[in-house]
Amino acid sequence: MSTEPQSGTDLESGQAGSPPNPDKGDMVRKEATQGRAASMLIAPSIVVLTIVILYPVVSAVFQSFQKDAGLDSATGLFVAGGFAGIANYTHWILQQCTAGGVSVPCPPGTLGAQFWSSISTTFFFTVVTVILETAIGFGMAVIMARTFRGRGLLRASVLVPWAIPTAVTAKLWFFIFAFEGIANKMFGTSILWTGSENPARAGIIIADVWKTTPFMALLILAGLQIIPADVYEAAKVDGVTAWQRFRHITLPLVKPALLVAVLFRTLDALRMYDLPQIMTGGANNTTTLSILVVQEIRSGNFNSASALSTITFILIFLVALIFVKALGVNAVETTTVSGRGKAK
Amino acid sequence: MTTATATQDTEPGAHVNRKAHNRKRWESRRTYVFAALIAIWCLLPAYWMVVTAFRDVGFTYDATPFFSHVTLDNFRAAFSTDTGNHLARALVNSLIVGIITTFISLMFGIFASYALARLNFRAKYLVLGFILAASMFPGVALVTPLFQLFTDLNWIGTYQALIIPYISFALPLTIYILVSFFREMPWELEEAARIDGCTKSQAFRKIIMPLAAPGVFTTAVLAFITSWNEFLIASQLSNGQTQTVTVAIASFSGSQPHQEPYTAVMAAATIVTIPLVIMVLVFQKQIVAGLTAGAVK
Amino acid sequence: MKRSMKLAPVAMLGAVALVLTACSSSTTGGTATGPAASGLAGRGPITYVQGKDNSNVVKPLVATWNAAHPKEQVTFKEQTDSADQQHDDLVQNFQAKNPNYDVMSVDVIWTAEFAAKGWLQPLKGKQALDTSAMLPSTVKTATYNKVMYAAPVTTDGGILYYRKDLVPTPPKTWDEMMGMCTIAKAKKIGCYAGQFFKYEGLTVNSAEAVNSAGGTILGTDGKATVTSADAKKGLQNLATAYANGNIPKEAITFKEEEGRLAFENGKLMFLRNWPYVYNLAKTDGSSKVKETFAMAPLPGVTGPGASSLGGHNAAISVYSKNKATAADFLKFLTSTAQQKAFVSQGSLAPILTALYDDPALAAKSPYLPVLKTSLENAVPRPVTPFYPAVSKAVQDNAYGAIKGEVPVDKAMANMQKAIQAAGAQ
């Protein structure tokens, strides 16, 4: 389905074929008018995001170049640290700690020693959960989109996991995965779910997939709704197999919604905090970047935590950038680029 | 949207034969099997939550897989205000905050995504990038600066101290979804309506919005649940008067120090889940309305 | 429109950074002289901030106070039940210099941190407290750098729960206890467990192992001392017991509640836990050991072991405007009548030595005599402003050692280095 070129810039493209000179000025005027309208429409969102997100981000970036308070050995009180340069960043990235005034590699049992392992943990969780959630969510959405008795109930039950607050979900799964919990009892196993790396990670992934798949399913379902039923009917009549229908009709049509869902899910997964924090406390290689940030804040090292937040932000930004470049997740691209391309 | 105007020349009834009929029946059976599997996967852990919610606190860790030692005490404890649990008030708070958040983020989101999908302006990619970037900073690191900002404004313990952050959490996704929906809309219909004498905003409301309904309702559900589930911000920026359900549940405690109040927490979680299930049941028609319904045409 | 424009937010961040840096304020409050010197004689309404009032002790107590002090009313602000949340809430409010957080309940392990940050009012002069009737170890948790910064209000110590039907006389020493494990093995139940999941409880248990074996975590000068032979022996005890099955495999997933559950289900012979287990093991419907368990002090090398201390202190914020009222309220919290309420109503161990010998209280809370021995031999967890980092150094390395992933020698060497790194940023 080609997106019609006139959409988005309908008025302009109507004139695209006319001689360029007279309507160039017109174009500029149009763009100016639309620009004014657009800025009024966008302003409320930008204002809110600036207060809640931009201000903290900027202050974190600023703080990350300050030293954390150090102890004045004479008074036993903390004193402000002063300018740190990039020390907070090298602390994390090179895993350098200071002990007794000298710089040493961070020993096991410090937060600094966990930086790279927490990055790999975070990415591991992200990749696995996003793939599982997308696949299962797609399946759920396809079923939910069908017409059958009781589909309202199915839709409601799919949303149940998501409607339970994450903190409670985590407690619920912690409870389920206890040594004498229902999971071991049901399967007749005696797995120490929180006692070593693989079961702990598996437990967190199961909980996260259970909790968040409905989010994917709902978004994909919304995308499926755009596809008119008669397209399928026509395809069926033409003897197209289910897989071909999926591959050549469903997937391309649902792609924009799907990519938005996957993109946002990825951004969220990269910031995962509650589930591993409550289920394992970060033990057995389940410490994510966000957990590390919180532990650093709780240790009173706000500036070094700010550096870690900033690093996390940059990492996620890069992931998003790759995402957008590679998959073309851009809600407006086709429309506007073609429209503008024509106009130029 | 060329497909939306596809001709409806194929009457399904004309092609029905026995084979197709059988295939249909088989397909519908398969649908039910999958639907049942999905429901079990989604509801089984929730079932365990409900079982625990109805279990005597003295048998908290009893792993009997069906209802046993049934009691309503946990629900009573969850609602009893003399132990300092304010679940009822927290439910009201969560509803207020959630509804306002949903409403405002939808409104802002519709404005912004209309502009992004339909208008031409220079900073479009800047705006899109900025909006996306808002979902990239660790949420855990937002709390302290916001606390300081809202303390200066004397906002701690007000609804806006929760609503404004929640709007900003919901907005990026709202805008991206709506833009992707608006892009697929048959805007020539809007044009047609304007030729018929509608104003631009009338055309938008009467023609485009109904078509975009699945997207709008989906985003509404997403925004509401985002706000309903949020804990970190709420735990720091609310007080007793504006406490939301997540904070209220985190405040539950056992009768003894160190005792985990699982049963009461599960009872509260059960209660908290109900409004959302009702909401989905009420709105599920809208979630799947729109183009498939063909009502607009 | 170029695609590279999507990168523009970075540039925007930079621009706004320049504007906002001017407004950012330093977050540390190193100068104690300023706020700590004001409001000393102030009287008036104050707020008392504490975590969840589990068993409704604080509300009646505040009501009693308010009835007697109509012009100095106390408002009770209840925080959530999570210790981390309580900590974060206090830090946020201290950083915001909130004058409405007058008196706050401070976990013993946060006291030094908050004191060093300059957030707690030193209890000197008019604010001074008489500590002669208090358990000395509890006073230590409230003292940083030789200055008292808080009033001990409730305490908590480790107790050894044991099955008297299996072992008539409880073990006095660790070795004796390990010797009894054959009885548990014959019964096919676990022998000993404490809190060995990787969280604060593991620091408590590791510190007890180290202290009971005669070692220390930090020396008197605040420097790490975990590579001493005694300290190593302490952790080795746990590692050996886990390796030979005296500590059951599942114990590395145990926090307080999982251990209590195993004990109540009759699957453990010895359990190290807090006094709260007593009431629940007696009354829980699912408890199978109601009549068959008893309590003893933790085992040490030759006699009672060294328990770590739990509990909470109450401190006055330097930003409070009514510090005279606040000081009176601290005295009220530590008074005999209120301390009795803490133990009888809330199962919270009192800090007044005399109450442990009160027959009426002991009748209601039979763990008190055992707890007294435990507390008399107790060693506070390291009193250091870097407690979170020190605790992490202990738990991370002890966890690896107990599970047998890292030899005890190496784990202790790492612990030593990590504690050293904790104290310097």
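How many residues of domain 1 of chain C are in contact with domain 2 of chain C? Keep that in mind as you open this predicted model and follow the stops below.

**Stop 1: chain C, one domain at a time.** Select residues 8–156 together with 309–376 and give them one colour; this is domain 1 of chain C. Then pick 159–307 plus 386–422 for domain 2 of chain C. The centres of the two domains, taken over C-alpha atoms, are 29 Å apart.

**Stop 2: where the two domains meet.** Here is the count: 13 residues of domain 1 of chain C are in contact with 13 residues of domain 2 of chain C. To find the domain 1 side, select helix H5 (111–116), strand S11 (309–316) and helix H15 (368–376) of chain C, the elements that each give two or more residues to it. Linger on H15(C), which supplies the largest share, four residues. If you colour this side of domain 1 by class, you will find seven nonpolar, four polar and two charged residues.

**Stop 3: chain A by itself.** Now hide the rest and show chain A. Its fold has 14 helices and four strands. Of the 344 residues in chain A, 52% are buried. For contacts in chain A between residues at least 6 apart in sequence, 66% link residues at least 24 apart.

**Stop 4: chain A against chain B.** Bring chain B back into view. Here 90 residues of chain A are in contact with 95 residues of chain B. Select helix H2 (residues 20–63) of chain A, which gives the most to chain A's side, with 19 residues. By class, that side of chain A holds 61 nonpolar, 18 polar and 11 charged residues.

Technical notes:
Residues numbered from 1 in each chain as written. Chains lettered and ligands numbered in written order. Predicted model: local features only at pLDDT ≥ 70, side-chain atom pairs only at ≥ 80, totals over all residues. Domains from an automatic or database assignment. Contact = placed C-beta atoms within 7 Å. Nonpolar A, V, L, I, M, F, W, Y, C, P; charged D, E, K, R; others polar. Buried ≥ 20, exposed ≤ 12 C-beta atoms within 10 Å, placed from the backbone.
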